[in-house]
Amino acid sequence: MSTLAVIGAQWGDEGKGKVVDVIAREAKVVARFSGGNNAGHTLVIGDKKIITHLVPSGCAYPGTLCVLGAGMVVDCDVLREELDALERQGLMQSGELRVSYEAHLILPYHRELDGLREDARRDAKIGTTRRGVGPAYEAKAARRGIKVRDLFNPELLRSRLELNRGVLAPEFERLGGGRGVDVEAVMSQADQWRSWLEPAVCDVGALVHQAVVDGLPVLFEGAQGALLDVDHGTYPFVTSTSTIAGAACSGLGIGPTLIDGVWGISKAYATRVGAGPFPTRVDGAAGDAIRRAGAEFGATTGRPRDCGWLDLPALRYAARLNGLTGLCVTKLDVLAGLANVAICVGYRDGVEPGRDGLEAAVPVYESISGWDDPALRGRLEAARRLADLPVPVRAYLDRVAEAVGVPITLVSVGPDREQTIVVTTPF
Ligand code: GDP
Ligand code: IMO
Ligand code: MG
């Protein structure tokens, strides 16, 4: 296998950054294909903690090309800040970045609109990250978006900005103003973005295709998670893009036959941040205990994540949507020491994710014994082979793999790169 897609199999924040950092050791190209800086991916390498938002999480290896595909939306200020920080830490050189000239830009008025719209929704908020991601994709679908390539054609850029100013002015006025589309301000920022971005901009599809043809190991890095997918997730409480493995093809400009395998990442429990259905959410003290043990606060917005038990029907659904060939289970250490661990094995009345939606789902739980031993966490954190895992933990993994119908390929027992059991070699 020379290419592998890695995607979130829940509601995001499954530990994709950590897993990608581990398996990118062998990769030559790591490519993001959808989303923007609504993503927040955490890498822990010894005493270093890095959070990537736009740069792929394979950035911490010298010589690995980090690629941003056409399906992404790019906030140039955020990208520059991220790259500068990675360079300062000696983790990445700017020459290792490639950005598709077809990717769309997140501009200041997209960010402003995202915030104003959320505020106006009062009790019906989506709970977006307010990074302008939705409005940028909306402009793309409406065929008035602004692409990276437009930075190199100032006349066209100006006319597109003026078009957007005209379209959006009534909405800005209705929502209480703000700066709106400030054409001159964007034009002058564009001069700066153009000059530092130019060396990185290229035909990303051609680059990735050639790398695969040359037999190089290529990793496709997903953002968000299957249940946040705009078509198949808990609509309208979703992000604005396709987050599933199939999007790696359209989001990079390569054919489906180039993807050899797909690994889905799932926590050993479940979390969600933002509004929308979450059938296995645990409220009160028990939910707080999971949040505390797992440090469940958003890597992008710092918001507390809702926590709950692993949802097998939702995971099976994600396995189908993505054609998973492997399952990576993260944060097993977090369950260690909890008094009553449960797992959702189905929903009442035949409700299924995707068919009836999850709004009405009433979970059926099985309780899982053997996790309450206080010594378990230390043993888990120290495990480096499957054989090191305590019996109840192995039984849990077997149960999940069997129910989802996908083999476990990687297990994570702590945030650090080293706290990982790679069961199957990725490439
Ligand atoms: P992503 O968006 O999928 O990359 O995930 P995030 O980085 O947003 O959130 C995952 C969080 O869990 C981060 O704080 C990681 O450092 C942390 N993490 C990842 N794997 C593990 C693990 O196995 N155990 C523990 N305790 N933390 C983990
Ligand atoms: P990573 O890649 C978790 C959620 C937001 C909100 C909805 C729409 O770190 O797993 P948006 O800003 O995209 O318009 O928000 O999607 N969301 C995420 N939740 N992890 C993410 O990314 C997310 N990206 C978006 O909380 O509910
Ligand atoms: Mg995240």
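A polar contact is a pair of N or O atoms within 3.5 Å. Keep that cut-off at hand, for the exercises below use it on a predicted model.

**Exercise 1. Which polar contacts does ligand 2 make through Asn 38, Asp 13 and Gly 40?**

Step 1. Start with Asn 38: an N or O atom in its side chain is 2.9 Å from an oxygen atom of ligand 2. That is a polar contact, because the cut-off is 3.5 Å.

Step 2. Move on to Asp 13. Here a backbone N or O atom lies 2.8 Å from an oxygen atom of ligand 2.

Step 3. Finish with Gly 40, where a polar backbone atom is 2.9 Å from an oxygen atom of ligand 2.

Step 4. Now look at the cover. Ligand 2 taken alone exposes 550 Å², and the protein buries 98% of that.

**Exercise 2. What surrounds ligand 2, and which pocket does it take?**

Step 1. Find the neighbours: 20 residues surround ligand 2, and the closest are Asp 13, Lys 16, His 41, Thr 129 and Thr 239.

Step 2. Sort the shell by class. It divides into seven nonpolar, 10 polar and three charged residues.

Step 3. Place the ligand in the protein: the space taken by ligand 2 is the largest pocket.

Step 4. Return to Asp 13, which lies in the loop between E1 and H1. Its phi is near 60°, a positive value in a residue other than glycine.

**Exercise 3. Describe how the protein holds ligand 1 in its pocket.**

Step 1. Locate it: ligand 1 sits in the second largest pocket. The elements that give two or more residues to its shell are helix H1 (16-23), strand E3 (41-45) and helix H11 (332-335). H1 provides the largest share, three residues.

Step 2. Name the neighbours. There are 18 residues around ligand 1, of which Lys 16, Gly 40, Thr 42, Asp 333 and Ser 412 come nearest.

Step 3. Sort them by class: the shell has four nonpolar, seven polar and seven charged residues.

Step 4. Check three contacts with oxygen atoms of the ligand. A polar side-chain atom of Lys 331 lies 2.9 Å from one. For Gly 15, a backbone N or O atom lies 2.9 Å from an oxygen atom of ligand 1. For Gly 414, a backbone N or O atom lies 3.1 Å from an oxygen atom of ligand 1.

Step 5. Add the cover: on its own ligand 1 has 590 Å² of accessible area, and the protein covers 92% of this.

**Exercise 4. Which strands stand at the edges of the sheet of 10 strands, and how are E1 and E11 joined?**

Step 1. Read the order of this open sheet, E9-E7-E5-E2-E10-E1-E11-E15-E18-E19, with mixed pairing.

Step 2. Look at the ends. Strand E9 (201-202) and strand E19 (420-422) each have a single partner strand, so one side of each has no neighbour in the sheet.

Step 3. Step inward to strand E1 (residues 3-8) and strand E11 (residues 261-267), which run parallel and are joined by five bridges. Within this pair, Ile 7 stands opposite Gly 264 in E11.

**Exercise 5. Work through the sheet of three strands in the same way.**

Step 1. The order is E14-E16-E17; the sheet is open and its pairing is mixed.

Step 2. Strand E14 (310-311) and strand E17 (363-368) are at the edges, each with a single partner strand, so each has one side without a neighbour in the sheet.

Step 3. E17 runs antiparallel to strand E16 (residues 341-347), and six bridges join them. In this pair Val 341 stands opposite Ile 368 of E17.

**Exercise 6. What marks out Gly 46 and Pro 236?**

Step 1. For Gly 46, begin with its surroundings: E3 and strand E4 (residues 48-52) run antiparallel and are joined by five bridges. One of the paired residues is Val 44, whose bridge partner in E4 is Lys 49.

Step 2. The hairpin of E3 and E4 has two residues between the strands, and in this hairpin Gly 46 takes a positive phi near 60°.

Step 3. For Pro 236, look at the peptide bond with Tyr 235: it is cis, with omega about 5°. Pro 236 is found in the loop between strand E10 (218-221) and helix H8 (247-252).

Conventions. Residues numbered from 1 in each chain as written. Chains lettered and ligands numbered in written order. Predicted model: local features only at pLDDT ≥ 70, side-chain atom pairs only at ≥ 80, totals over all residues. Heavy atoms only, no water. Near = heavy atom within 4 Å. Polar contact = N/O pair within 3.5 Å; in protein donor to acceptor, adjacent residues only side chain to side chain. Areas by Shrake-Rupley, 256 points an atom, 1.4 Å probe, with all protein chains shown as cover. 1 Å grid on protein atoms, 1.4 Å probe; cavity = no way out; pocket = protein on both sides within 12 Å on 5 of 7 lines; lining within 4 Å. Sits in = over half its atoms within 2 Å of the grid points. Helix = DSSP H or I, 4+ residues; strand = E, 2+ residues; numbered from the N terminus. Nonpolar A, V, L, I, M, F, W, Y, C, P; charged D, E, K, R; others polar. Pairing = 2+ DSSP bridges.
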